[in-house]
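Work through the exercises below with the structure open. Each task is followed by a solution in steps.

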Amino acid sequence: MNISYSWLKDYINLELSPAEVAATLTQLGLETGSVDEVESIKGGLKGIIVGEVVTCQKHPNSNHLSITTINIGGDENLPIVCGAPNVAAGQKVVIATVGTVLYKGDEQFTITKSKIRGEVSMGMICAEDEIGIGNDHNGIMVLNQDAKPGTLASDFFNIKSDFVLEVDLTPNRIDSASHIGVARDLAAFLSQKEQINYTRPSIDAFKIDNRNLAISVEIENPEACHRYSGLTISDVTVKESPDWLKNRLKAIGQSSINNIVDITNYVLYETGQPLHAFDAAEVKGGQVIVKTPPAGTKFVTLDGVERELSDKDLMICNAEEAMCIGGVFGGLQSGVKEKTTSIFLESAYFNPVYIRKTARRHGLNTDASFRFERGVDPNGTLYALKRAALLIKEIAGGTISSDIVDVVADPSIQEFFPVEVSYTNITRLIGKEIPKETIKNILRSLEIIIKEETPEGLHLAVPPFRVDVKREADIIEEILRVYGYNNVEPCKSTKSTIQLAPHPDKMKLQNLISEMFTARGFNEIMSNSLTKAAYYDQLESFKSENTVLLFNPLSSDLNGMRQTLLFGGLEAINRNTNFRNADLRFYEFGNVYHFDGTKTYNHPVKNYSEEEHIGIWITGKKEAENWKVKEEPTTFFTLKANVENILSRLGISIENCTIETISNDIFSEGLEYRLNNVIIGQIGYLSNKILKSLNISADVFYGNLRWTAILKAIKNHKASYTPLQKYPEVKRDLALLIDKEVLFSTIKALAFKAEKQILRSVNIFDVYEGANLPEGKKSYAVSFILQDEEKTLNEKQIEKTMNRLISVYEREVGAQIR
């Protein structure tokens with residue numbers, strides 16, 4: 001939010017510089033990001049002065065140029081060559097001296113000493129449009145004869161510079177979303193040192209001129225509109241706003257539209273109360289009805305867009321049709337136009353929830369909705385209405401032609417909120433004992449009423465414009481921010497609580513795994529938990545009905561909570577691939593969300609679950625192309641090796657896992673890892689359907705580890721060790737001719753079942769399928785490591801073990817020894 005320094009000084013007597021004001025606001029919790037100087041005319045007319053044409057004669061080498069001498073109030077006159085047809089001796093003109101920078105839109109040029117057709121020119125006599133004063137370029141700008149040569153043009157034209165403070169409002173501080181709101185906070189802070197008050201412009205001059213144009217107001221939906229105030233003003237003239245008003249709005253980044261609309265915007269930024277002016281001729285039937293329309297109603301807004309309304313959208317209607325989306329956006333037909341002569345001026349308090357939902361539903365974010373959805377002052381509607389009416393009379397003429405219509409549907413919104421605060425808690429939470437008189441002065445400066453004081457504390461009434469102050473802790477925070485955080489000295493002693501570290505230490509393990517991924521060339525990504533719910537349409541693995549949907553999504557691309565990390569990673573792959581970065585390895589730690597509507601619980605929150613997962617994505621080549629390594633595409637086994645290394649590092653033995661093949665709408669082929677019958681991970685080739693849905697043409701290998709389940713599985717894991725073996729290992733190999741359907745996992749399991757004492761490991765080192773083998777057969781080359789912990793194995797023991805293995809394979813899987 002932009003705050004004008006000069007505008008702010010209309011309400012509070014400030015001796016602080018703009019930079020000091022910014023520092024003070026930041027101390028108050030209104031963090032000010034920048035302080036920028038702005039000028040009503042770009043460049044501020046620097047280097048431009050008033051001059052007098054002393055002599056003027058035709059240029060000897062040109063039919064359209066003149067040679068002039070200009071008195072600019074100095075000891076010597078300046079020679080200037082001018083091409084304007086209206087230049088003449090005796091004129092008072094505007095001179096851009098050498099070195100002056102002139103602006104035209106985003107372009108600029110510097111005046112230099114030059115020769116024009118052989119004659120020296122030491123400046124430029126300017127037209128209106130060349131200095132930004134007007135748009136006329138028919139000739140030079142001729143001033144009144146009382147203009148004094150040497151006068152700075154910025155002084156002659158009364159050009160003012162201003163400073164704009166960019167205040168970063170937090171959502172709870174809507175009370176400061178105006179110049180008066182900021183002035184109130186500044187006055188509260190500064191009055192702790194000396195008595196400083198802020199003042200609001202007087203509205204004592206407000207009076208009803210006649211009652212010739214009465215418009216009634218009816219609130220049909222009191223839940224959505226708690227208060228609606230309005231009046232009519234007749235015989236107004238819609239025209240361009242005066243310079244002071246345009247400059248005020250321009251300083252804070254607002255464009256001028258016309259005097260009526262500019263006044264409503266001016267009062268909005270002055271008081272924080274949004275206003276809306278209707279063309280009274282468009283208020284058909286002389287009636288304003290505040291209601292919600294039937295679902296599907298069409299309405300054309302001020303930007304010319306036809307929108308389909310919800311039955312939850314609050315509309316401001318006349319007796320026949322809708323005129324405006326209440327608190328959000330005006331209608332195309334009902335706004336103030338050049339031919340408008342009478343207006344109906346609205347000042348209201350709408351239910352913040354209704355406004356917020358409507359603004360999100362239609363993708364509209366206006367200055368009015370920004371304030372209404374956070375909560376304006378319900379007691380400020382009449383002040384803003386009268387203030388705007390007086391300004392309209394002053395600038396646009398006209399007469400106030402009706403009584404103020406003020407319909408209050410919910411009187412409770414005007415009530416002050418009772419809060420009790422104890423001196424003991426103030427000292428305890430702040431960490432310092434603040435004098436009681438100081439506390440009371442701070443509260444009064446914030447317009448919080450002290451209803452009663454007891455030895456223990458205060459009974460307070462908080463004004464309704466402070467929507468964020470409802471609890472004792474809120475009051476204490478208000479006291480502290482005005483008292484000054486920097487005025488609370490640090491304690492001389494430090495108190496801490498010793499806590500047992502959790503086991504397993506989640507963050508320690510997460511850092512360990514991250515380091516492992518990074519060492520293997522992976523990059524960590526962080527994708528949005530909000531995702532496109534349409535991703536889960538027609539998926540069986542992640543059904544759409546299990547998506548946690550948002551009631552008021554920012555967009556259709558962010559309307560649900562993710563059920564899997566998969567799509568966030570694929571979006572990152574798509575983006576990188578489009579920028580010709582195709583060799584990718586990503587990992588992500590993140591939460592996934594699930595809704596189960598099939599069960600009924602006492603508390604609806606139990607239908608929702610949240611779990612942390614690790615996502616792993618690999619695509620492209622194994623390594624970047626170079627002279628040492630042959631270019632090869634990455635494979636499924638790259639992913640498998642990384643996943644199993646991670647599990648092993650966490651203390652999960654792959655031998656203890658049940659590994660099964662899977663194929664579904666996510667994986668065309670893959671493996672599923674189970675530990676104690678609990679799924680801890682899945683890896684595999686992503687299906688073409690999934691890849692095509694995100695416009696990815698390359699193969700992508702994806703792994704999903706259930707981090708929450710893994711942490712639970714290793715909760716009781718304890719590290720163990722065994723001493724180095726004294727006796728040597730023995731390696732033996734077998735070549736097995738088996739059916740193609742037999743998996744290596746079966747071969748491995750049968751080996752350990754047949755020999756439990758001296759068999760240490762089983763590995764496959766070659767697979768052959770092809771010529772010279774019977775149909776439906778394949779050949780496995782399998783190695784076995786044998787070792788006895790108590791003695792050296794002899795050939796007899798080894799042969800006995802190998803014969804047992806051969807017998808098992810022949811009997812169980814019909815293997816033949818090659």
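A residue counts as buried when its relative accessible area is under 20%. The model used here is a predicted one.

**Exercise 1.** Determine how many of the residues of strand 5 are buried, then describe how strand 5 pairs with strand 4.

Solution.
- Step 1. Apply the cut-off of under 20% relative accessible area. In strand 5, residues 78-82, 4 of the 5 residues are buried, and the strand is mostly covered.
- Step 2. Look at the pairing. Strand 4 (residues 66-71) is joined to strand 5 by 5 bridges, and the two run antiparallel.
- Step 3. Fix the register with one pair: Leu 78 of strand 5 has Ile 70 opposite.
- Step 4. Inspect the turn. The hairpin has 6 residues between strand 4 and strand 5, and Gly 73 adopts a positive phi near 85° there.

**Exercise 2.** Give the strand order of the open sheet of 3 strands and explain why strand 26 and strand 27 each have one side without a neighbour.

Solution.
- Step 1. The order is 26-28-27, with antiparallel pairing.
- Step 2. Strand 26 (417-422) and strand 27 (449-453) are at the edges; each has a single partner strand, so one side of each lacks a neighbour in the sheet.
- Step 3. From one strand to the next, the twist averages 25°.
- Step 4. Between strand 26 and strand 28 (residues 457-462) there are 6 bridges, in an antiparallel arrangement. Val 419 has Leu 460 of strand 28 as its bridge partner.
- Step 5. Add the helices. Helix 12 (residues 436-445) lies across strand 27 and strand 28 and runs at about 5° to strand 28. Helix 13 (residues 472-483) lies across strand 26 and strand 28, at about 70° to strand 26.

**Exercise 3.** Classify the packing of helix 19 against helix 20 by angle and handedness, and list the residues that make the contact.

Solution.
- Step 1. Helix 19 covers residues 744-754 and helix 20 residues 795-813; they pack at an angle of about 130°, with axes 10 Å apart.
- Step 2. Roughly perpendicular ends at 115 degrees and roughly antiparallel needs over 145. Helix 19 and helix 20 are therefore oblique to each other.
- Step 3. Their crossing is right-handed.
- Step 4. Helix 19 contributes Thr 746, Ile 747, Leu 750, Ala 751 and Ala 754, while helix 20 contributes Arg 804, Leu 805, Val 808, Tyr 809, Glu 812 and Val 813.
- Step 5. Sorted by class, the contact of helix 19 with helix 20 has 8 nonpolar, 1 polar and 2 charged residues.

Conventions:
Residues numbered from 1 in each chain as written. Predicted model: local features only at pLDDT ≥ 70, side-chain atom pairs only at ≥ 80, totals over all residues. Heavy atoms only, no water. Axes fitted to C-alpha atoms, helices over the stretch in contact; angles between N-to-C directions. Helix = DSSP H or I, 4+ residues; strand = E, 2+ residues; numbered from the N terminus. Parallel < 35°, antiparallel > 145°, perpendicular 65-115°, else oblique. Left-handed = near helix turned anticlockwise from the far one by under 90°. Contact = heavy atoms within 4.5 Å. Nonpolar A, V, L, I, M, F, W, Y, C, P; charged D, E, K, R; others polar. Buried < 20%, exposed > 50% of the residue type's maximum accessible area, 1.4 Å probe, protein only. Pairing = 2+ DSSP bridges.
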